[in-house]
Amino acid sequence: FDYVAGFEVSSAGDVAEGMVAFEVPDAKYAVFTTTLPKIGETFQSAYQTWLPQAGLQPTGGPEFELYDEQFDPQDPNSEFDLYVPIQ
């Protein structure tokens, strides 16, 4: 898989030289809040338990992690969100 750290820009033309533009497509997403120590467990639970029980299927589109104001990089137990595209 590819892992890209990114931030929002107005258009691909606003991307600095040496960087790449990656567009996250509009989609319906299941959102799972987790912490860094629990990220693997959260992905496993999402795919093996939550999505099947909800009758949902992942689309295979790009997943992403959102680190917003709730996340503190100095605190391993601070939270961030995992976005899994679903159908």
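What percentage of the 87 residues of the protein chain count as buried? In this predicted model, the share of the 87 residues that count as buried is 20%. The accessible surface of the protein chain comes to about 6,600 Å², and carbon and sulfur atoms account for 50% of that surface. Along its principal axes, the C-alpha trace spans about 45 × 35 × 20 Å.

The secondary structure of the protein chain consists of 1 helix and 3 strands, which follow the pattern β-α-β-β when read along the sequence. Strand β1 covers residues 28-35, helix α1 covers residues 39-54, and strand β3 covers residues 79-86. Among the contacts between residues at least 6 apart in sequence, 63% join residues at least 24 apart.

The segment before β1 includes Phe 1 and Glu 23. Phe 1 counts as exposed because its relative accessibility is 92%, and its C-alpha atom lies 24 Å from that of Phe 71, a residue 70 places away in sequence. Glu 23 is likewise exposed, with a relative accessible area of 71%, and a C-alpha separation of 24 Å is found between Glu 23 and Tyr 47, which are 24 residues apart along the chain.

Helix α1 is not straight throughout, since a bend of about 45° is found at Ala 46. Ala 46 is itself buried, as are Thr 42 and Leu 51 of the helix. The buried residues of α1 pack against two strands, β1 and β3. Just after the helix, Gly 55 takes a positive phi of about 75°.

Three residues of strand β1 may be considered in turn, beginning with Lys 28, which is found in this strand. Lys 28 counts as exposed because its relative accessibility is 57%, a value to be read against the cut-off of over 50% that defines an exposed residue. When residues up to four places away in sequence are not counted, Lys 28 touches Val 84, Pro 85 and Ile 86. With Val 84, the separation along the sequence is 56 residues, while the C-alpha to C-alpha distance in space is 8.4 Å.

Thr 33, also in strand β1, counts as partly exposed because its relative accessibility is 44%. Beyond residues up to four places away in sequence, Thr 33 touches Glu 79, Phe 80 and Asp 81, and its side chain makes a polar contact of 2.7 Å with the side chain of Asp 81. By comparison of position, Thr 33 and Phe 22 are 11 residues apart in sequence, with 23 Å between their C-alpha atoms.

Thr 34 likewise has its place in strand β1, and it is buried because its relative accessible area is 5%, where buried means under 20%. A polar contact of 2.6 Å joins its side chain to that of Thr 42, a residue of α1 that is buried. Apart from neighbours within four places in sequence, Thr 34 is in contact with Ile 39, Thr 42, Ser 78, Glu 79, Phe 80 and Leu 82.

Within strand β3, attention turns to Asp 81. This residue is buried yet has no salt bridge, the nearest side chain of opposite charge being that of Lys 38, at a distance of 15 Å. The absence follows from the distance, because a salt bridge requires a side-chain nitrogen of Lys or Arg within 4 Å of a carboxyl oxygen of Asp or Glu. The side chain of Asp 81 does, however, take part in polar contacts, one of 2.7 Å with the side chain of Thr 33 and another of 3.4 Å with the side chain of Gln 70. With residues up to four places away in sequence set aside, Asp 81 touches Val 31, Phe 32, Thr 33, Phe 64, Glu 65, Leu 66 and Gln 70.

Note on methods. Residues are numbered from 1 along each chain as its sequence is written. This is a predicted model: local features need pLDDT of at least 70, side-chain atom pairs count only at pLDDT 80 or more; totals for chains, interfaces and linings use all residues. Side-chain values use heavy atoms; hydrogens and water are left out. Helices (H or I, at least four residues) and strands (E, at least two) are DSSP runs, numbered from the N terminus. Buried means under 20% relative accessible area, exposed over 50%, partly exposed in between (1.4 Å probe, protein chains only). Lys and Arg count as positive and Asp and Glu as negative; His and the chain ends are not counted. A polar contact is a pair of N or O atoms within 3.5 Å; within protein, one must be able to donate a hydrogen and the other to accept it, and residues adjacent in sequence count only if both atoms are side-chain atoms. Contact means heavy atoms within 4.5 Å. The bend at a residue is the angle between axes fitted to the seven residues ending there and the seven starting there. Accessible areas come from the Shrake-Rupley method with a 1.4 Å probe; for residues, only the protein chains shown count as cover.
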